[in-house]
Amino acid sequence: MFTATKYFGIALVLAGIPFFWMNHAQTGSELPLITGLFLIFFTREKTEDERAQSLRANALMISFALGYIIEVATTYLHSKGVLTFQLSTPRYFIMLVLTLGILIFYIRLLFTGSYSK
């Protein structure tokens, strides 16, 4: 189950999404969202064992590689005029990596049967 820090991270993400959406051109508007994603990803589980730590580390490595591939692909497609957006700033890359990491970690945790009930 989630700890209080994860609930705080979820609250920051839920508050940060509309704030970032409305003010994405302003520097610092991504701070609540990135902080919430960081708290969700790096907060320990109630029953943290070596397997959960290994899954988290692997999820971070996989999400970093996927995030970089997505960044290169969107930059290339943007330069060819196929896409109208580009992941050009580090804040988008950090949000992408943390989001992918959370998804990969909890999906793998759920399917390995080690998710605490």
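In this predicted model, the protein is built from 4 helices and 0 strands. Along the sequence, the order of elements reads α-α-α-α. Measured out along the principal axes, the box filled by the C-alpha atoms is roughly 45 × 25 × 15 Å. Of the 117 residues, 36% count as buried. The accessible surface comes to about 7400 Å², and carbon and sulfur atoms account for 73% of that area. Contacts between distant parts of the chain are well represented: among contacts between residues at least 6 apart in sequence, 68% join residues at least 24 apart.

Turning to empty space, a probe the size of a water molecule, rolled over the atoms, shows where such space is left. The largest pocket has a volume of about 300 Å³. Three helices give two or more residues each to its lining, namely α1 (4–22), α2 (31–42) and α4 (90–111). The lining consists of Ile17, Phe20, Trp21, His24, Leu33, Leu37, Tyr92, Met95 and Thr99. Sorted by class, this set holds 7 nonpolar and 2 polar residues, with no charged residue.

Two of the lining residues, Phe20 and Tyr92, also meet as an aromatic pair, one of 6 found in a search of the whole structure. Such a pair is described by the distance of the ring centres and the angle of the planes. For Phe20 and Tyr92, the centres lie 6.0 Å apart and the planes stand at 70°; because an angle over 60 degrees counts as edge-to-face, the pair falls into that group. Phe20 belongs to helix α1 and Tyr92 to helix α4, so the pair ties together parts of the chain that are 72 residues apart in sequence. The two partners fall on either side of the 20% cut-off for burial: Phe20 is buried, at 12% relative accessible area, whereas Tyr92 is partly exposed, at 21%.

A second pair, Phe38 and Phe42, has ring centres 4.7 Å apart and planes at 45°, so the arrangement is tilted. Here the partners sit in one helix, α2, where a spacing of 4 residues separates them by about one helical turn. Both are partly exposed, with relative accessible areas of 44% for Phe38 and 37% for Phe42. The pair is also part of a wider group, as Phe38 and Phe42 join Phe41, Phe105 and Tyr106 in one aromatic cluster.

Definitions and conventions: Residues are numbered from 1 along each chain as its sequence is written. This is a predicted model: local features need pLDDT of at least 70, side-chain atom pairs count only at pLDDT 80 or more; totals for chains, interfaces and linings use all residues. Side-chain values use heavy atoms; hydrogens and water are left out. On a 1 Å grid over the protein atoms alone, a cavity is a set of points where a 1.4 Å probe fits but cannot get out, and a pocket is an open set with protein on both sides within 12 Å along at least five of seven lines; lining residues have an atom within 4 Å of a point. Grid points are joined across faces, edges and corners, and a volume is the space filled by probe spheres set on the points. Ala, Val, Leu, Ile, Met, Phe, Trp, Tyr, Cys and Pro count as nonpolar, Asp, Glu, Lys and Arg as charged, and the others, Gly among them, as polar. Buried means under 20% relative accessible area, exposed over 50%, partly exposed in between (1.4 Å probe, protein chains only). Contact means heavy atoms within 4.5 Å. Accessible areas come from the Shrake-Rupley method with a 1.4 Å probe; for residues, only the protein chains shown count as cover. Rings of Phe, Tyr and Trp (its six-membered ring) pair if their centres lie within 6.5 Å; planes under 30 degrees apart count as stacked, over 60 as edge-to-face and the rest as tilted.
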